[in-house]
Amino acid sequence: ICLVTIKVAGEMGLNNWYVNDVGFIFTNESSDIAEIKYGIDGKWQTYTEPFYLSDDGEYICLEWYAVDFKGNQSDIDGPFLFNIDQTPPVLRLSFEGIYNNQWQGWDIIVTANETDATSGMDRVEFYKNDVLQKTVTGHGPVYQWTFKYYGVLNIYVGAKAFDKAGNYLFGEELINS
């Protein structure tokens with residue numbers, strides 16, 4: 001039984017995570033092959049045409065083998081282990097203002113409570129008027145940034161939450177006097 005080759009197509013994000021549907025094509029060079037079987041996480045099926053996987057998951061296991069016209073089965077190839085995370089983190093922003101006095105203004109505490117169900121959280125970037133102010137890394141879920149505000153201008157304060165796959169979600173709020 002000849003060797004079966006596999007082509008994998010999908011957009012690779014960060015840290016070996018696919019960030020969109022992952023496509024698979026099996027080919028072989030022999031006319032002796034009657035069928036190709038493949039298994040995803042132990043669920044086996046007959047390969048008939050290219051297929052895509054779209055469900056988020058970690059350590060997805062793909063294996064395959066060929067069967068010739070006499071019923072002989074090749075050794076199982078693989079495993080090809082891969083991860084899919086197409087879903088951005090969940091973003092929840094909150095703000096707390098602590099008034100000091102008229103000369104020291106306000107301390108504005110921005111709290112981003114972030115979670116990611118698949119690849120996990122990587123970092124949160126905090127922005128003021130669309131300019132990056134601070135990056136807080138780690139697993140979360142709580143990320144904070146504090147800045148001075150004197151209450152004389154309207155400003156936009158936002159956060160961009162990134163998961164380990166590179167997916168992100170941005171949210172912002174207007175702070176005004």
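**Close-up views of a predicted model**

**View 1. Strand 10 and strand 13 run antiparallel.**
Eight bridges join strand 10 to strand 13 (residues 142-149). The model shown here and in the views below is predicted. A112 marks one spot along this seam: its bridge partner in strand 13 is Y143. A112 also belongs to a nonpolar core, which is the subject of View 5.

**View 2. Strand 9 turns back into strand 10 through a hairpin.**
Three residues make the link between the two strands. Strand 9 covers residues 90-101, and strand 10 covers residues 105-115. Their pairing is antiparallel and spans eleven bridges. Two positions help to trace the register. E96 stands opposite I109 in strand 10. G97 has I108 as its bridge partner.

**View 3. Three strands make an open sheet, in the order 9-10-13.**
Which strands form the edges of this sheet? They are strand 9 and strand 13, and each pairs on one side only. The pairing in the sheet is antiparallel. Neighbouring strands are turned against each other by 20 degrees on average, with direction ignored. Strands of a sheet pair through backbone hydrogen bonds, either parallel or antiparallel.

**View 4. The largest nonpolar core holds 18 residues.**
F26, Y38, F51, L62 and F82 have the most contacts inside this core. Five elements give two or more residues to it. They are strand 3 (22-28), strand 4 (33-40), strand 6 (51-53), strand 7 (57-68) and strand 8 (77-84). F82 is worth a closer look. Leaving aside residues up to four places away in sequence, F82 touches Y18, F24, L53, G57, E58, Y59, I60 and L62.

**View 5. Another core lies apart from the largest one.**
This core has 17 residues. Among them are A112, F147, V157 and I175. Two of these names return in other views. A112 pairs with Y143 of strand 13, and V157 is the bridge partner of K128 in strand 14.

**View 6. Nine aromatic residues gather in one cluster.**
The members are Y18, F24, F26, Y38, Y47, F51, W64, F80 and F82. F26, Y38, F51 and F82 are also among the residues with the most contacts inside the largest core. Two further cluster members, Y18 and F24, are touched by F82. The whole structure holds 18 aromatic pairs.

**View 7. Y127 and F170 meet edge-to-face.**
The ring centres are 5.7 Å apart and the planes stand at 80 degrees, so the pair is edge-to-face. Y127 lies in strand 11 (residues 121-128) and F170 in strand 15 (residues 168-175), so the pair ties together parts that are 43 residues apart in sequence. Is each partner buried or partly exposed? Y127 counts as buried, at 13% relative accessibility. F170 counts as partly exposed, at 34%.

**View 8. Strand 11 pairs with strand 12 and with strand 14.**
Six of the eight residues of strand 11 are buried, so the strand is largely enclosed by the rest of the structure. Seven bridges join strand 11 to strand 14 (residues 155-163), and the two run antiparallel. Strand 11 and strand 12 (residues 131-137) are also antiparallel, over six bridges. K128 appears in both pairings. Its bridge partner in strand 14 is V157, and in strand 12 it is V131. Two residues lie between strand 11 and strand 12 in their hairpin. N129, in the turn, has a positive phi of about 50 degrees.

**View 9. Two charged ends sit over aromatic rings.**
R123 places its charged end over the ring of F162, 3.7 Å from the ring centre. K160 does likewise with Y168, where the distance to the ring centre is 4.7 Å.

**View 10. An open sheet of five strands has the order 2-8-7-4-5.**
The pairing in this sheet is mixed. Its edges are strand 2 (17-18) and strand 5 (43-47), each pairing on one side only. Strand 2 and strand 8 run parallel and are joined by two bridges. Y18 stands opposite I84 in strand 8.

**View 11. P79 takes its place in strand 8.**
What does P79 contact, apart from neighbours within four places in sequence? The partners are C61, L62 and E63. P79 and C61 are 18 residues apart along the chain, while their C-alpha atoms are separated by 6.0 Å.

Notes. Residues numbered from 1 in each chain as written. Predicted model: local features only at pLDDT ≥ 70, side-chain atom pairs only at ≥ 80, totals over all residues. Heavy atoms only, no water. Core = buried A, V, L, I, M, F, W, Y, C linked by side-chain atoms within 4.5 Å. Buried < 20%, exposed > 50% of the residue type's maximum accessible area, 1.4 Å probe, protein only. Helix = DSSP H or I, 4+ residues; strand = E, 2+ residues; numbered from the N terminus. Contact = heavy atoms within 4.5 Å. Phe/Tyr/Trp six-rings, centres within 6.5 Å; stacked < 30°, edge-to-face > 60°. Lys NZ or Arg CZ within 6 Å of the ring centre and 35° of its normal. Pairing = 2+ DSSP bridges. Axes fitted to C-alpha atoms, helices over the stretch in contact; angles between N-to-C directions.
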